[in-house]
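Good morning, colleagues. Please look at the sequence and the model on the screen while I take you through a few of its features.

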Amino acid sequence: MRKNIFKIIRLVGTLLSIFNSLMFFALRPCWSGISSTLGYKGEGNEILYVLPLLICILLFLVLLSDLILKKLFDKEVIHIIYLALGVVFFIVIMVVIKLGAIDYMRFVWPYFFTEVLYFALLSLIYFMLFIYPKTTLHENKIFKYGVLGLSSLIVVLVLLNFSINRITVKPVVYAVEDNYQIVYTSNSSALAWVEVDNELYYDTYAGSTKKYTKIHKIELPMTVLDSAKKYTIHAQRTIYAGPFGAFLGKDLTLTLNFKPVDSSDGIQYLSFSDIHMNDKNTIKTASKAEEFDFLVLAGDAISVVETFDDANFMNKVAYEITRGEKPVVYARGNHDVKGRYAEELHKFTGSKGESFYYNFYFDNVYGICLDLGEDHDDDWWEFYNTAHYDDYRAKQIEFLEDEISKREFDNYKYHLVVCHIPITFVNNRKNHEYIKKELTTLLNQMDIDMLICGHQHDLMIFEPELVEPFTQLTYNSKYKANKTYKGYLTDFNFPSFMVSKPGFTFSDDPGLSKAKSQIGLYTSVDLVNNIEVCYYINSNGEKVDVMNMFYEKEYGTIITIDLDTKVFTSK
């Protein structure tokens with residue numbers, strides 16, 4: 001009995017050592033957060049910066065000594081010590097997850113299971129080298145031939161690039177300048193093109209159709225698709241493409257209808273930001289909204305763009321909402337610049353080349369997308385000297401100056417701006433003060449009717465001339481009594497709405513990983529009377545009762561804005 005108990009103790013201790021070491025290594029996207037929580041702010045206390053790495057090394061040393069010492073010294077006291085260490089480190093990891101890593105577990109689990117696979121392969125190699133020769137399996141021909149046959153089959157399938165091609169994420173139609181960019185993905189590398197009225201538009205690189213990509217982005221003039229109101233996507237698998245010939249698979253096709261923006265009955269659009277993988281509830285909210293002409297996605301659909309699927313996540317959400325039948329406007333978020341696939345994101349979404357600032361045009365709508373990049377200054381320690389957004393943001397100043405000089409917006413009745421990080425709001429960290437002031441000054445000259453933003457995971461309404469600009473903010477007493485906020489508003493003359501809150505109400509705080517609802521913003525514009533009506537809507541289809549967070553004003557559920565005077569009324 002005693003012997004069996006200690007066998008269990010040894011097994012549990014070893015499993016905990018394996019789990020702790022692999023899980024903490026998988027938690028590496030959160031290591032900087034651990035350092036920050038412990039007090040590291042970019043300078044001094046360098047030990048806090050490297051502490052997560054040192055802990056990881058320690059955990060692997062514990063695992064290694066666990067495996068070696070228990071093998072060499074089968075003593076009960078060693079089993080108990082390693083079980084105790086395993087429990088302590090397991091509790092530490094659970095605390096780390098509870099304190100914030102829980103919102104990143106979608107990225108951590110793939111790391112963890114990949115590491116488990118590698119560990120299993122190493123264990124298999126160890127078994128084959130040191131244990132297998134001493135077992136009866138060594139003489140078993142059925143086992144040998146079975147392993148050989150299975151291994152040969154796997155090698156052949158890999159060499160033949162075996163897969164059944166299919167369209168994995170159906171098309172999303174992004175609006176960029178006066179073009180549509182139709183984006184979809186296939187299961188295998190494929191040629192891709194879009195057919196509109198018997199005219200073919202290809203996914204090309206420097207004159208040649210791309211052959212080795214699963215992400216397909218085809219650009220065509222808005223006027224062509226607006227007129228045809230129908231398009232067909234094609235994906236033909238590349239089985240082999242040599243220098244003088246190729247073997248291609250079946251041409252997969254999908255035909256969809258398209259509804260261009262029609263302002264004859266006004267303009268209606270739906271906006272979301274910061275859904276952070278809360279896709280099901282976002283789609284549910286969209287299904288409860290009234291009919292709309294186009295969708296605005298203002299960034300941070302996902303927390304880290306680490307994989308192909310992460311980069312493609314925005315398209316999954318956008319297609320489920322629009323069914324490929326309506327235009328989508330996309331502005332990049334600060335989380336969209338993080339991860340190994342962040343540099344490939346322009347291939348997956350609307351963009352102007354590799355940049356995410358541009359204008360766009362619909363029927364009677366002149367729009368601008370801006371991109372402030374990261375939410376900290378370029379010298380922030382977590383960026384390890386890779387951030388050069390000051391130069392990138394300066395180019396957007398030049399872009400707006402050029403737009404003002406051309407005054408194309410004068411030809412359109414409605415002027416819309418989308419930017420993930422709010423331009424009119426300087427938060428308590430005071431990041432980007434200069435650029436926000438400059439952008440505000442320029443936008444003030446463009447008769448902007450609405451700026452959609454997100455980032456703060458809140459619902460904020462920025463009403464012109466309601467709060468004194470450049471002065472410390474005080475909370476609405478019904479939201480936070482007798483509290484001030486160490487931030488301020490810029491001197492803007494246009495309406496701006498923040499739509500970035502998970503939850504059901506103005507004030508609930510469910511956390512990203514526990515959200516049961518995602519709040520969207522529905523906007524309807526009457527171009528005859530020059531009035532826009534806005535309301536926030538949750539996943540139950542309920543209009544959300546809101547107030548001005550920094551002024552003693554309650555808006556109720558429906559906000560009406562006179563676009564000539566910029567006066568807000570509510571009910």
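I begin with arginine 340, which is exposed, its relative accessible area being 60%. Exposed here means over 50% relative accessible area, buried means under 20%, and partly exposed lies in between, with a 1.4 Å probe and protein chains only. Before going further, I should state that this is a predicted model, in which local features need pLDDT of at least 70 and side-chain atom pairs count only at pLDDT 80 or more, whereas totals for chains, interfaces and linings use all residues. Residues are numbered from 1 along each chain as its sequence is written, and side-chain values use heavy atoms, with hydrogens and water left out.

Arginine 340 has a partner in glutamate 306: their side chains meet in a salt bridge, at 2.9 Å from N to O. This pair links distant parts of the chain, 34 residues apart, with glutamate 306 in the loop between β11 and α9 and arginine 340 in the loop between β12 and β13 (358–362). Helices (H or I, at least four residues) and strands (E, at least two) are DSSP runs, numbered from the N terminus. In contrast to the exposed arginine 340, glutamate 306 counts as buried, at 13% relative accessibility. By salt bridge I mean a side-chain nitrogen of Lys or Arg within 4 Å of a carboxyl oxygen of Asp or Glu.

How many salt bridges does the structure hold? There are 22 salt bridges. One of them joins lysine 259 to glutamate 325, with 4.0 Å between the closest N and O atoms. Lysine 259 sits in the loop between β9 (246–257) and β10 (267–272), and glutamate 325 in the loop between α9 and β12 (327–330), so this pair ties together parts 66 residues apart in sequence. Lysine 259 is partly exposed at 42% relative accessible area, and glutamate 325 is partly exposed at 23%.

Aspartate 449 and lysine 566 form another salt bridge, at 4.0 Å from N to O. Aspartate 449 belongs to the loop between α11 (433–443) and β17 (450–453), and lysine 566 to the loop between β27 (559–562) and β28 (567–570), so the pair ties together parts that are 117 residues apart in sequence. Both aspartate 449 and lysine 566 are buried. Elsewhere, Asp378, Asp390 and Arg393 are joined into one network by salt bridges that share partners.

Which side chain of opposite charge is nearest to aspartate 293? It is lysine 326, 7.1 Å away, and aspartate 293 is buried yet has no salt bridge. For charge, Lys and Arg count as positive and Asp and Glu as negative, while His and the chain ends are not counted. Aspartate 293 is placed in the loop between α8 (279–288) and β11 (294–297). Leaving aside residues up to four places away in sequence, aspartate 293 touches Val261, Asp262, Gly266, Ile267, Gln268, Lys326 and Pro327; contact means heavy atoms within 4.5 Å.

I turn to internal space. Rolling a probe the size of a water molecule over the atoms shows where empty space is left. A search of the whole structure finds five cavities of 30 Å³ or more, and the largest has a volume of about 60 Å³. A cavity is a set of points, on a 1 Å grid over the protein atoms alone, where a 1.4 Å probe fits but cannot get out, and lining residues have an atom within 4 Å of a point. Helix α9 (residues 308–322) gives the most to the lining of the largest cavity, with four residues. The lining residues include Ala301, Phe313, Tyr330 and Asp336.

Two backbone features deserve mention. Alanine 206 is not a glycine, yet has a positive phi of about 50°; this residue lies in the loop between β5 (204–205) and β6 (208–209) and is exposed at 77% relative accessibility. Arginine 407 also has a positive phi, near 55°, and is found in the loop between α10 (389–406) and β15 (414–419). At 37% relative accessibility, arginine 407 is partly exposed.

I close with the chain as a whole. The protein chain has 11 helices and 28 strands, and its C-alpha trace spans about 85 × 70 × 45 Å along its principal axes. Of its 571 residues, 50% are buried. Among contacts between residues at least 6 apart in sequence, 72% join residues at least 24 apart.

Note on methods:
On a 1 Å grid over the protein atoms alone, a cavity is a set of points where a 1.4 Å probe fits but cannot get out, and a pocket is an open set with protein on both sides within 12 Å along at least five of seven lines; lining residues have an atom within 4 Å of a point. Grid points are joined across faces, edges and corners, and a volume is the space filled by probe spheres set on the points.
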